[in-house]
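Pull up the model and keep it beside you while you read. We'll start with one pair of strands and work outwards from there.

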Amino acid sequence: MQTFGYAAKTADARLAPFTFERRALRPNDVAMEILYCGVCHSDLHQARNDWGFSRYPIVPGHEIVGRVTAVGPEVTRYKVGDAVAVGCMVDSCQQCDQCRKGEEQLCRESNTQTYNGLDRITREPTLGGYAKHLVVREEFVLRVPAGLDLAKAAPLLCAGITTYSPLRTWNVGPGSRVAVVGLGGLGHMAVKLAAGMGADVTVLSRTPDKLVDALELGADALLVSSDAKAMSAAKSSFDLIIDTIPVRHDVSPYMMLLDVDATLVIVGQVGPIDEQSTFPMILGRRRLAGSPIGGIAQTQEMLDFCAKKNILPDCEMIRMDEINEAFERMERSDVRYRFVIDMASLKE
Ligand SMILES: [Zn+2]
Ligand SMILES: [Zn+2]
């Protein structure tokens, strides 16, 4: 099937219109027309080869919402017209212990990424959601529950599940004391999801000017990390800290804020962090951890949870041809809080 979208042809090229083929349907494939696609920080990093493993041309996009247009003969769960979604992965081995547990994101043979991955059968590069159509095997297609606004749901597929998964791993519920560092695409979802689970949520910020935003998103308080007195008073007062900052930074000021056996989980930054002292970890039995996205079953659970609680990201809708400007604005953190591309704006 011929389709079209936007691709970067080299690491220093701007994204531009691109025509390409989607594979013919395999028996267990679902084909969809893409209606909306969120814009994630990793789209920008991979378009520019910041991590050193980009394949070109690259079509980014892994926060995808669409409508089924065709299904293969073995597909049982979806039919033409269904509202569906696809996140950061489109395949895995389906055999290993992690896949069998529903933790496909941790597949022992690595999951297949929605873009800049390699198809497990043809070994051709996968191309993502900045496009009109997509073909994905049934097992990696999510259902968008009735009642969830299709135009706003897309960022749940990466920013949503990346923050929902650690909240579930560390059993956050009513009364849990959760702090969120960084108030961007991931951070604002962490606040909404933790509040939706009944936690007491604190936003950690260098300056007090995010107080109104934090409270509007559902937080109970803002702790100013440059205020030494307030930081000292907050020692040992959190069960979980979700650190969503996307660039290299020092996590040590936050470690003392953890209670005994509590965890600081990094979800935003991939790469080296500043040197750490083991003092807070050893003396307080505190933990420093990381977490990726969740598995397919948990991603569906998250979508259903958001529909039930009416939790949606704050989105700024853009046209496909505004993507380069959106990348530049995202680099300056000039977005509240996630760009979403309206694919109706993408014309051949
Ligand atoms: Zn992402
Ligand atoms: Zn596997």
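In what sense do strand E14 and E15 pair, and over how many bridges? This is a predicted model, and in it E14, residues 258-266, pairs with E15 in the parallel sense over 4 bridges. To find the pairing by eye, start at Thr263, whose bridge partner in E15 is Arg287.

Now zoom out to the sheet that holds this pair. Its 6 strands run in the order E12-E11-E10-E13-E14-E15, with parallel pairing, and the sheet is open. Strand E12 (221-224) sits at one edge and strand E15 (287-290) at the other, each pairing on one side only. Going from one strand to the next, the twist averages 25°.

Next, the overall layout. The domain assignment splits the chain in two: domain 1 covers 2-157 + 313-345, while domain 2 covers 160-290. Measure between their centres, over C-alpha atoms, and you should get 28 Å. Where the two meet, 10 residues of domain 1 are in contact with 7 residues of domain 2. The domain 1 side of that meeting place divides into 5 nonpolar, 3 polar and 2 charged residues.

What about the inside? The largest nonpolar core has 102 residues, and the ones touching the most other members are Ala85, Val86, Val178, Val180, Ala194 and Ile241. Strand E3 (residues 29-38) supplies the largest share, 7 residues. Both domains feed this core, with at least three residues drawn from each.

Two residues are worth a click, Val178 from that core and Asn111 from a loop. Here are their contacts, leaving aside neighbours within four places in sequence:

| Residue | In contact with |
|---|---|
| Val178 | Val172, Ala194, Ala199, Asp200, Val201, Phe238, Asp239, Leu240 and Ile242 |
| Asn111 | Met89, Asp91, Ser92, Glu104 and Gln105 |

For Val178, one of the partners is Ala194, itself among the core residues that touch the most other members. The list for Val178 also includes Asp200 and Asp239.

Asn111 lies in the loop between helix H2 (97-100) and strand E7 (112-113). So is Asn111 buried or exposed? Asn111 is buried, because 25 other C-beta atoms lie within 10 Å and the cut-off for buried is 20 or more. For a sense of scale, Asn111 and Ala159 are 48 residues apart in sequence and 18 Å apart in space, C-alpha to C-alpha.

Note on methods
Residues numbered from 1 in each chain as written. Chains lettered and ligands numbered in written order. Predicted model: local features only at pLDDT ≥ 70, side-chain atom pairs only at ≥ 80, totals over all residues. Domains from an automatic or database assignment. Nonpolar A, V, L, I, M, F, W, Y, C, P; charged D, E, K, R; others polar. Pairing = 2+ DSSP bridges. Axes fitted to C-alpha atoms, helices over the stretch in contact; angles between N-to-C directions. Core = buried A, V, L, I, M, F, W, Y, C linked by C-beta atoms within 7 Å. Buried ≥ 20, exposed ≤ 12 C-beta atoms within 10 Å, placed from the backbone.
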